[in-house]
Amino acid sequence: MHELSIATSILEIIKEEAARHNATRVTKIKVAAGALTAVVPESLAFCFGICSRGTLAEGAVLECEVRPVMARCDGCGREFAVEGWSFLCPRCGSSRTRMVSGQELYVDSFEVEQGCG
Ligand SMILES: [Zn+2]
């Protein structure tokens, strides 16, 4: 299961970052995932719920935002969202386009509760 390994990596990142901020509890995590990663937000949240048990991120809400696949045209410079796997430029019809995003997967931000002192 793809989401389980992703959830584990996210948890590792969160634990490191939380320690750096003296956080005692992580309450909310925002993850950005390009459409090409094929991450299912619900499964990722579910897997994260399982692997964060017993850690400072237990019970944290994981929000996963799926970002569209974007491409840029070499001909006219237009950036566009790729739909239905059509990489043709919607402005000039050129096929000389390159993908600029859609494969990214990262922790965008997260919220913590800090210990006093
Ligand atoms: Zn173009």
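These are my notebook entries on what I looked up in this structure, which is a predicted model.

**Entry 1: the zinc site**

I began with the metal and asked which protein atoms serve as donors of the zinc ion. I found the SG atoms of Cys73, Cys76, Cys89 and Cys92, lying 2.2 to 2.3 Å from the zinc ion. Along the chain these donors follow the spacing C-x2-C-x12-C-x2-C. Cys73 belongs to strand β3 (residues 70–73), whereas Cys89 sits in the loop between β4 (79–81) and β5 (97–101), so this pair ties together parts that are 16 residues apart in sequence. I also looked up how accessible these two residues are, and both Cys73 and Cys89 turn out to be buried.

Next I checked the geometry, and noted that the angles among the 4 donor atoms run from 104 to 118°, with the site of the zinc ion counted as tetrahedral. For comparison I wrote down that the ideal angle for four tetrahedral donors is 109.5 degrees.

**Entry 2: an aromatic pair**

I then searched for paired aromatic rings, and the count comes to 1 aromatic pair. The ring centres of Trp85 and Phe87 are 6.5 Å apart and their planes stand at 35°, so I recorded the pair as tilted. Is Trp85 buried or exposed? Its relative accessibility is 61%, and therefore Trp85 counts as exposed. Phe87 has a relative accessible area of 27%, which makes this residue partly exposed.

**Entry 3: the two sides of helix α2**

Turning to helix α2 (residues 41–51), I listed Leu44, Cys47 and Phe48 as buried. I wanted to know why they can be placed on the same side of α2; the reason is that they cover an arc of only 100° around the axis. A general point helped me here: an α-helix has 3.6 residues a turn, so residues three or four places apart point the same way. On the face of α2 turned away from its buried side I found the exposed residues Glu42 and Phe46. The buried residues of α2 are covered by elements that include α1 (2–20), β1 (23–34) and β2 (61–67).

I followed two of the buried residues further, leaving aside in each case the neighbours within four places in sequence. Leu44, found in helix α2, has a relative accessible area of 0% and is therefore buried. The contacts of Leu44 are Glu3, Ile6, Ala7, Ile10, Val31, Val39, Leu62 and Cys64. For Phe48 I noted contacts with Ala7, Ile10, Leu11, Ile29, Ala57, Ala60 and Leu62.

**Entry 4: the nonpolar cores**

How many residues does the largest nonpolar core have? I read off 19 residues, and those with the most contacts inside this core are Ile10, Val26, Ile29, Leu44, Phe48 and Leu62. At least two residues of this core come from each of α1, β1, α2 and β2, and α1 gives the most, with 6 residues. Apart from this core lies another, of 6 residues, including Val69, Cys73, Phe80 and Cys89. I had already met Cys73 and Cys89 as donors of the zinc ion. As a check on distance, I looked up the C-alpha atoms of Leu44 and Ala71, which are 27 residues apart along the chain and separated by 26 Å.

**Entry 5: loops and backbone angles**

In the loop between α1 and β1 I found Asn22, whose phi is near 50°, a positive value in a residue other than glycine. Asn22 is exposed, with a relative accessible area of 60%. Ala38, in the loop between β1 and α2, also has a positive phi, near 60°, and at 52% relative accessibility Ala38 counts as exposed.

Thr37 is placed in the loop between β1 and α2 as well, but at 13% relative accessibility Thr37 counts as buried, the cut-off being under 20%. Leaving aside its neighbours within four places in sequence, Thr37 is in contact with His2, Gly102, Gln103, Glu104 and Leu105.

**Entry 6: residues far apart in sequence**

Lastly I looked at Ile13, which is placed in helix α1 and counts as partly exposed at 41% relative accessibility. Ile13 and Val107 are 94 residues apart in sequence, yet from C-alpha to C-alpha they are 8.1 Å apart in space.

Note on methods: Residues are numbered from 1 along each chain as its sequence is written. This is a predicted model: local features need pLDDT of at least 70, side-chain atom pairs count only at pLDDT 80 or more; totals for chains, interfaces and linings use all residues. Side-chain values use heavy atoms; hydrogens and water are left out. Rings of Phe, Tyr and Trp (its six-membered ring) pair if their centres lie within 6.5 Å; planes under 30 degrees apart count as stacked, over 60 as edge-to-face and the rest as tilted. Buried means under 20% relative accessible area, exposed over 50%, partly exposed in between (1.4 Å probe, protein chains only). Donors are N, O and S atoms within 2.8 Å of the metal (3.2 Å for Na, K and Ca); water is not among the atoms, so sites may look incomplete. Four donors count as tetrahedral if all angles lie between 85 and 135 degrees; four count as square planar and six as octahedral if opposite donors are over 155 degrees apart and all others between 65 and 115; anything else is irregular. Helices (H or I, at least four residues) and strands (E, at least two) are DSSP runs, numbered from the N terminus. The arc is that of the directions from the helix axis to the C-beta atoms. Contact means heavy atoms within 4.5 Å. A nonpolar core is a set of buried Ala, Val, Leu, Ile, Met, Phe, Trp, Tyr and Cys residues joined through side-chain atoms within 4.5 Å.
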